[in-house]
Amino acid sequence: MMEYRRLGNTGLKASVIGMGCEGMSEENYQMCGKMFDAAEGLGINYFDLYASDPQLRRAIGKALRGRREKFIIQSHICSIWKNGQYLRTRKLDEVKAGFEEMMALLDVDCIDVGMIHYCDAMADWENIVNNGILDYARALKRQGRIRHIGLSSHNPLVAERAIVEGGIEVLMFSVNPCYDLQPAGEDVEELWNNSNYENQLTNMDPDRQRLYEICQRRGVGITVMKAFGGGDLLGSNQIAGVKLTVNQCIAYALSRPAVSVVLAGAHSVEQLKESVAYCEAGAEERDYAAALAAFPRVSWVGKCMYCSHCEPCPQFIDIASVTKFLHLAQAQGGIPETVREHYKALSRHAGDCVQCGACEGRCPFSVPIRDNMKQAKEVFGY
Ligand code: SF4
Ligand code: SF4
C-alpha cells in the first residue's frame, strides 16, 4: 500500500514515491499513457514534469486527460525548448512564452507546483529576483495558474536563501547519503566527483542538515531528486565505496526532516514498481544504518542518522523521531508550534526513558542516546 505524506504547508497529500518524467526517452513517449496508468495503479499521485521536449509534454498532456485532478503535478518554470533542445533560461520573455507553451502542450489550466528550475548559484538566484521571474511566479499564483511556488536546486545555501527571501513553498532537492557529505557548492558535477569522496569525511554537511531543518520548521515540503545518485549509489559507480539498495536510498531520503516525496525514474514500469516496492519492504530491508556505517572513509560518530537501528526500546520510545524533534527544536531559538505538535503526537516521550542504555549498544554511530533523551525531556518538558 502506498504511503502518503503532507507536502509541507501546501495542504497537498502526496505519495511518498513520485514519478519523475525526466527519464522518459523518445522510445517511451509512446508508452507515456501506460506509465501514468501504472503509476496510478500503484497509488502514485505525485509527478514531476521537468522535461521541456514538446513531444513529451504533449504525450504527458494526453496521459493526464480525464484524470488531471487525481494527480499533483510539479512542472518547471524556466525550462524551455529552443532550437530543438532543452534550455534553462532567466530571460523573462522566454520564461513567459515557455510557460504558456507548457500549459498548452500539457493541456491543463493549473499546475500544482510551479517549480523555478535549477538554481545552484547565488548570482543565479539574484537573476531570478532581479529579472522579475520570482514576481512572475507570484503573479501566476495569484491568477491560480500555479497553486504553489517551488524551486529546484542542488545547493543548500542557495536553497536556504530562496526559502527565506523568496517564500519558496516546495523545494526539489538532491538528497542521498553521499551528497549529504559534501559541502555546498555551485558546481553540481562536484557531487559525483569521485575524488571528493577519497579523503576522510565526517558526518553530513551542516549546511545540508540546516536546510532540512529550516524546511521542516517553515513548512516547506521537499521533493527528492537523485535519491540514488543517478544510479551511482546502487552499484554502477559507488562513489563512496559502498553499494546501497533502492529501499535503503528511499528510506534514507524519507527520514530527512521535511521530505515528503522521493521521485523515482520512469524508464520503465518495472523500474517504477521497484521503487514502489519500498512501501511493502520490512524494517530490515529499509535499514540503511549498517550500510552507512560501512562507508570506508566516512565517520558518522555521534551523529544521529534517524535510522531506528537502536530500536526496540523497552519503553516503546521512537528514538529516531524524538531525536529529530530535539534537533529541530535546537536548530534556532524557540520551538516552532508544529514541532511541539509532532512531538506531542508521539505515543511515548523522552520523559518515559528509564536510562537503561539498551539502545546505545545497538547504535552503529555511537550516539549518546541517553543524553539526548535527557535533553529532549528538558526542552519539551516531558
Ligand atoms: S540513535 Fe543511532 S541507531 Fe538510533 S536512530 Fe539515531 S543513529 Fe540510528
Ligand atoms: S535508554 Fe531510554 S531510550 Fe534507550 S532503550 Fe532505554 S529507555 Fe529506551
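## Around ligand 1

Start at the ligand: 15 residues surround ligand 1, and Cys304, Cys307, His309, Cys310 and Cys363 come nearest. A residue counts as near here if its C-beta atom, placed from the backbone, lies within 6 Å of the molecule. This is a predicted model, where local features need pLDDT of at least 70 and side-chain atom pairs pLDDT 80 or more, while totals for chains, interfaces and linings use all residues. Residues are numbered from 1 along each chain as its sequence is written, and chains are lettered from A and ligands numbered from 1 in the order in which they are written.

Sorted by class, the shell around ligand 1 has 12 nonpolar residues, 3 polar and no charged ones. For that sorting, Ala, Val, Leu, Ile, Met, Phe, Trp, Tyr, Cys and Pro are nonpolar, Asp, Glu, Lys and Arg are charged, and the others, Gly among them, are polar. Helix 13 (residues 319-331) gives the most to this shell, with 3 residues.

## The chain overall

The protein chain has 15 helices and 14 strands; these are DSSP runs numbered from the N terminus, helices being H or I with at least four residues and strands E with at least two. Its C-alpha atoms fill a box of roughly 65 × 40 × 40 Å along the principal axes.

Of the 382 residues, 46% are buried, i.e. 20 or more other C-beta atoms lie within 10 Å of their own, with C-beta atoms placed from the backbone.

## The nonpolar core

The largest nonpolar core has 122 residues, and those with the most contacts inside it are Cys21, Leu171, Val224, Ala253 and Val262. Such a core is a set of buried Ala, Val, Leu, Ile, Met, Phe, Trp, Tyr and Cys residues joined through C-beta atoms within 7 Å. Helix 9 (residues 246-254) supplies the largest share of this core, 7 residues.

What does Val262 touch, leaving aside its neighbours within four places in sequence? Val262 is in contact with Val16, Ile17, Gly18, Val224, Ala227, Ile250, Ala253 and Leu254, contact being C-beta atoms, placed from the backbone, within 7 Å.

## Two domains

The domain assignment gives domain 1 (4-284) and domain 2 (319-380); such bounds come from an automatic or database assignment. The C-alpha centres of domain 1 and domain 2 lie 30 Å apart.

Where they meet, 7 residues of domain 1 are in contact with 9 residues of domain 2. The domain 1 side of that meeting divides into 1 nonpolar, 3 polar and 3 charged residues.

Note on methods. A residue is buried if 20 or more other C-beta atoms lie within 10 Å of its own, exposed if 12 or fewer, and partly exposed in between; C-beta atoms are placed from the backbone. Two residues are in contact if their C-beta atoms, placed from the backbone, lie within 7 Å.
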